[in-house]
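Here is a short tour of the charged pairs and one helix packing in this protein. Keep the sequence and the 3D view open side by side as you read.

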Amino acid sequence: MENYRKKLRIQIWLNAAGALALIAVQVLAYTGVIRPLEGGGRFGAFWNGFIAGSSAGVTVMFLVGIIINIRALRNEERLRKLYIREHDERKLAVARSARSTGADIFMLAMIPALIIAGYFSVTAFFTALACLMALCLTVIACKIYYAKKL
């Protein structure tokens, strides 16, 4: 359990560093210091709002993680429950199957989406195609890796 405590302490520090970095991004976005190179005034304002809002959401997730880990480190019963929840084999198997099925569904759904996008925008078509290719290559690389690892 001591190794798990060390892992939680490292997570706390990493989450804190991530939260601080994202708070800096939020401040820079709200003040307009960072902005997109193209798109004009309205898009720039939208983009800064999107960056700031996304950063705020992830910062909240980091802070919740920090609070959960600190509470677990201070209470032996919470620590045990958190350890069991993170190492539950059934939950891990369900998550693994869901990711695999989700990737399969996404790859199949992108084919008609690509066809439809091609009628309206070349940029949208090639962007969606690039996303699909990136996912396919990632899945292939993971299959090769796990075929050798397992």
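## R5, a buried arginine

R5 counts as buried, because its relative accessibility is 14% and the cut-off for buried is under 20%. Please keep in mind that this is a predicted model. R5 belongs to helix α1. Leaving out residues up to four places away in sequence, R5 touches L73, E76 and L79.

R5 also has a charged partner within its own helix. It forms a salt bridge with E2, and the closest N and O atoms are 3.9 Å apart. Both R5 and E2 sit in helix α1, which covers residues 2-31, and the two are 3 residues apart, about one turn of the helix. E2 is partly exposed, with 44% relative accessible area, whereas R5 is buried at 14%.

## A small network around E2

Which other side chain meets E2 in a salt bridge at 3.8 Å, N to O? The partner is R9. With a relative accessibility of 40%, R9 counts as partly exposed.

These pairs belong to a wider set of charges: E2, R5, R9 and E76 are linked in a network of salt bridges. You may recall E76 from the list of residues that R5 touches. The model has a count of 5 salt bridges, among them R5 with E2 and R9 with E2.

## K7 and E86: a link across the sequence

Another of the salt bridges joins the side chains of K7 and E86, at 3.5 Å from N to O. K7 lies in helix α1 and E86 in helix α3 (residues 76-86), so this pair ties together parts that are 79 residues apart in sequence. Are these two residues buried, exposed or partly exposed? K7 is partly exposed, with a relative accessible area of 36%, and E86 is partly exposed as well, at 29%.

It is worth staying with E86 for a moment. Apart from neighbours within four places in sequence, E86 is in contact with Y4, K7 and L92. For a sense of distance, you can pick the C-alpha atoms of E86 and L114 in the viewer: the two residues are 28 residues apart along the chain, and these atoms are separated by 38 Å.

## How α4 packs against α5

L114 brings us to another part of the model, where it is one of the α4 residues in contact with α5. Two packed helices are described by the angle between their axes and the distance between the axes. Here the axes of helix α4 (residues 89-120) and helix α5 (residues 122-149) come within 8 Å and cross at roughly 160°. That makes α4 roughly antiparallel to α5, since angles over 145 degrees count that way. The crossing of the two helices is left-handed.

Which residues make the contact? From α4 come A103, F106, M107, M110, L114, A117, G118 and F120. From α5 come V122, A124, F125, A128, L129, L132, L135, C136 and V139. Sorted by class, the contact of α4 with α5 has 16 nonpolar residues, 1 polar residue and no charged residues.

Definitions and conventions
Residues are numbered from 1 along each chain as its sequence is written. This is a predicted model: local features need pLDDT of at least 70, side-chain atom pairs count only at pLDDT 80 or more; totals for chains, interfaces and linings use all residues. Side-chain values use heavy atoms; hydrogens and water are left out. A salt bridge is a side-chain nitrogen of Lys or Arg within 4 Å of a carboxyl oxygen of Asp or Glu. Helices (H or I, at least four residues) and strands (E, at least two) are DSSP runs, numbered from the N terminus. Buried means under 20% relative accessible area, exposed over 50%, partly exposed in between (1.4 Å probe, protein chains only). Axes are lines fitted to C-alpha atoms, for helices over the stretch in contact, and angles run from 0 to 180 degrees between N-to-C directions. Angles under 35 degrees count as roughly parallel, over 145 as roughly antiparallel, 65 to 115 as roughly perpendicular and the rest as oblique. A crossing is left-handed if the near helix is turned anticlockwise from the far one by less than a right angle, and right-handed if clockwise. Contact means heavy atoms within 4.5 Å. Ala, Val, Leu, Ile, Met, Phe, Trp, Tyr, Cys and Pro count as nonpolar, Asp, Glu, Lys and Arg as charged, and the others, Gly among them, as polar.
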